[in-house]
Each structure stands twice: as structure tokens, then as C-alpha cells.
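Student: Please take a close look at the enclosed space in this model and the residues around it. I should like the surface, the confidence and the open pocket treated as context.

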Amino acid sequence: MKRPAAALIVAMAVWPAAARAEAPPAPPVTVTPLASATSTASGQPIGFPAGPGRVVVAEYVIAPGARLPVHRHPYPRIGYVLQGTLEVVEERTGRVFSYKPGDVIVEVIGAAHFGRNTGSDPVRLVVFDTTPADVEGNVTLEK
């Protein structure tokens, strides 16, 4: 019985210290960039309003098969898809942009477009608008 114990002691002595060490603790804060853009999905440069402004953050939930009205954004709007499948269609060109969970949307500015849920699950997305303090982020073009 002494041999197995002695073998274990020898094995522990020669085992690399790194292999015995516990994994380092996770850092208390991690930052993972999700996107960086200087232009919208359609290639327009992104500019910001001068003077006092505001940021509005909203969660959108779009039912399966639902379609948003045609609208435009006079200022930058960024979205982050949490769930579902979203298509955004530019009215003038018919160009279609498709988004899924984890995608960042840098929406077109000033161009008429609409979004629609093309999947079987609700679309959930968080939207960030940056506007002058007294201006809405959306202009609805169809009723």
C-alpha cells in the first residue's frame, strides 16, 4: 500500500504547476464590441445633429407576419435584434435587408422603408434613436 501512495506523491511533484493551478477568475467586466459603422445599411454616411440632443431607447416586439408602416428616420437609428427574423425593405429601390438575433441594424436615414416579421417567432429588437431634443426619431409616411 505504500507504493501507490509514494507514486501519487511523485506524480504530484512532477506534475506541472500550471496543470494543477485553478483557472484564473473571470474579469469583473468584459466589453465585447458588437458593431462599428460609419455608414447605414444602404451606404449613407452617418451624421449627428448639432446642438442639444437626446437618445431614446425602445424595445419593439413585432408579431409573426406583422408589417410596420412605411416610415423614414431623419436621424441615425441603430437596432439590435434579440429574437426573430426581420426584413427591412427600401420602398424606392426594393432593396431588402435581412436580420437575425445578434445582428446590429444601422438603419437608412431619410429613405422610406418598412420592416416585416418573416418568421414564425415574434421579432424583439432594441432600438436606439439619436435626435435633436425636440424631434421624433420616426416619421410615418403611411397610415
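Tutor: The protein exposes about 9,400 Å², an accessible area from the Shrake-Rupley method with a 1.4 Å probe, for which only the protein chains shown count as cover for residues. Carbon and sulfur atoms supply 61% of that exposed area. This is a predicted model, in which local features need pLDDT of at least 70, side-chain atom pairs count only at pLDDT 80 or more, and totals for chains, interfaces and linings use all residues. Residues are numbered from 1 along each chain as its sequence is written, and side-chain values use heavy atoms, with hydrogens and water left out.

The mean pLDDT (the predictor's confidence in each residue, from 0 to 100) is 83 for the protein, and 81% of the residues score at least 70. Confidence is lowest in helix α1, residues 2-14, with a mean of 52, and highest in β5, at 97. The protein has two helices and nine strands (DSSP runs numbered from the N terminus: H or I over at least four residues, E over at least two). Both α elements precede the β elements, in the order α-α-β-β-β-β-β-β-β-β-β from the N terminus.

Now to the enclosed space. Searching the whole structure gives one cavity of 30 Å³ or more, and the largest cavity has a volume of about 40 Å³. On a 1 Å grid over the protein atoms alone, a cavity is a set of points where a 1.4 Å probe fits but cannot get out; a pocket is an open set with protein on both sides within 12 Å along at least five of seven lines; lining residues have an atom within 4 Å of a point. Points are joined across faces, edges and corners, and volume is the space filled by probe spheres set on them.

Ala41, Val88, Phe97, Tyr99, Ile105, Val106, Glu107 and Val108 form the lining of the largest cavity. At least two of these residues come from β5 (96-99), and at least two from β6 (104-106). By class, the cavity lining has seven nonpolar residues, no polar residue and one charged residue (nonpolar: Ala, Val, Leu, Ile, Met, Phe, Trp, Tyr, Cys and Pro; charged: Asp, Glu, Lys and Arg; polar: the others, Gly among them).

Glutamate 87 lies in strand β4, residues 86-90. Glutamate 87 counts as buried because its relative accessibility is 18% (buried is under 20% relative accessible area, exposed over 50%, partly exposed in between, with a 1.4 Å probe and protein chains only). Beyond its neighbours within four places in sequence, glutamate 87 is in contact (heavy atoms within 4.5 Å) with Val96, Phe97, Ser98, Phe114, Gly115, Arg116 and Thr118. Phe97 thus appears both among these contacts and in the cavity lining. For the protein as a whole, 25% of the 143 residues count as buried. Residues 24 or more positions apart account for 78% of the contacts with a separation of 6 or more.

The largest pocket has a volume of about 180 Å³. The pocket is lined by Leu34, Ala35, Ser36, Ala37, Ile46, Ile78, Gly79, Tyr80, Val104, Val106 and Phe128. β3 (77-83) and β6 each supply at least two of these residues, and the largest share, three residues, comes from β3. Nine residues of the pocket lining are nonpolar, two are polar and none is charged. Val106 belongs to the pocket lining and also to the cavity lining.
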